[in-house]
Amino acid sequence: MPSESGNAPIALAAAKPSELLRQWQIQASTGRHFDVLDGLRGVAILIVVAYHTLYTNPAHGALARGAGYIIAAGWMGVPVFFVLSGFLISYPFFRGRNGDIRFWYPAGYAQRRLGKILPPFYLSILLFLGFYWWLYRDPAYFTSAWKWATGLANFTAIPVPFNLSYWSLIVEAHFYLLLPVLFWLTRGLSVRHTTLVLSFLLFAGPLVVRYLTWPPGLYTLPSYETDLYKEITLKLTRFPCQLDYFAWGIAFAGVFVLLGPVREQLRVLSVFGYLGLSLMAVSLLFWGYWGERFGIHAQPTRWSVEVGHFLPAAASLFMLFFTFDPDCRGARWLSARWLRFIGIVSYEWFLFHGPIVAWFHEHTGATHGSALAYFWRTIAPLLITFCFSIVVYRWFSLPILNRIRGRAASAR
């Protein structure tokens, strides 16, 4: 299995690509580093940025329509991140519980979570606030920035759009805060029983809340811009409506720990990873097709919301089985250096690409079939934001993360 990383950087220019990649990783709180999961993050962020940026002309044939369906369902990359977080964040909790039935909190948990999420998040708020003020001179952006920075955007609408990616950070924060509480409440339960209890609570709770808070009249929405659509979007991202995604990862983490003594004999289970890849591909095509045919993007129904929760989560769960055999072909594909590198900087790219992509779309106009114009309108902002994200990660996020983990290691 891949080893831990996160040691002090050496001369970057002299390092081999594999060594350079190791230096850009951080010391895993799980006690081990899963290269294949870095690759899955890379896949997820590529799906998301394609969803926010690319488009096709369906009049150009079946291939263009199929690509358009996949792009239209690219929001499914976000649930992949949630399921991965459910596994990776809960795994140290389960390992501790496996050794001590009263264990409920890994040392340094809060520092690691805060250090990972908050510094790049607040940096993006400051940079985009300056960007919007330079463009529009509208004080409403200060209100939006303040609401996102304090978490108030989770409870009240913001006056002007700020960053289309921020809502998922609020959902992640819900999970980070709730997980230690759940492990504290289940002190004294075995890993098996803790897995069952937590999985049930995080599956059933969001499902019930989504059902009870579903607003009437949603079946007659004329467009994305209606107040009713904005209301359901806000409600469905509030606590705890998105936490069932994490339940899949928690269930896998508990089983993964329980099977620890015999995991080497269960490498064959990695075959389920291929099922996950296939299910994700089918889900993207299915959802994109049905979305275009029936307009469920602008007119969501109860069944479409629940199917939208189930499909990407189940696919992500199955893809986690690649961790049973990192030497299988599928795991090696996902562990390609370029894909892992994208996964390592995925959080920063996720934060910084949205407003820049929107600005390019707004100011470049229609492409009229020009490949060069299409490249400038879509690929150029992705390249610009990807390069900027690399800079932010290397010289801002990574030093903070290494300092936090170094202090935690010294304390231990």
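Q: Where contact means heavy atoms within 4.5 Å, with which residues is I356 in contact once its neighbours within four places in sequence are left aside?
A: This is a predicted model, in which local features need pLDDT of at least 70 and side-chain atom pairs count only at pLDDT 80 or more, while totals for chains, interfaces and linings use all residues. Residues are numbered from 1 along each chain as its sequence is written, and side-chain values use heavy atoms, with hydrogens and water left out. I356 sits in helix α15 (residues 346-364), helices being DSSP runs of H or I with at least four residues, numbered from the N terminus, and its C-alpha lies 8.4 Å from that of L382, although the two are 26 residues apart in sequence. With those sequence neighbours left aside, the contacts of I356 are F128, F131, P381 and T385.

Q: Is I356 buried or exposed?
A: A residue is buried under 20% relative accessible area, exposed over 50% and partly exposed in between, with a 1.4 Å probe and protein chains only as cover. Because the relative accessibility of I356 is 17%, this residue counts as buried.

Q: How many residues apart in sequence are the parts that the pair D35 and R340 ties together?
A: D35 and R340 form a salt bridge, with their closest N and O atoms 3.7 Å apart; the term requires a side-chain nitrogen of Lys or Arg within 4 Å of a carboxyl oxygen of Asp or Glu. D35 is buried at 8% relative accessibility, and R340 is likewise buried, at 7%. Since D35 belongs to helix α2 (residues 35-53) and R340 to helix α14 (residues 337-344), the parts they tie together are separated in sequence by 305 residues.

Q: In which helix do both D38 and R41 lie?
A: The side chains of D38 and R41 meet in a salt bridge of 2.7 Å, N to O, in which D38 is buried at 3% relative accessible area, whereas R41 is partly exposed at 22%. The two residues are three apart, about one turn of the helix, and both lie in helix α2.

Q: Which residues do salt bridges that share partners join into one network with E264?
A: R267 pairs with E264 in a salt bridge whose closest N and O atoms are 3.2 Å apart. Of these two, R267 is partly exposed at 23% relative accessible area, while E264 counts as exposed at 51%. Through shared partners, E264 is joined into one network with R267, D325 and D327.

How values were computed
Contact = heavy atoms within 4.5 Å.
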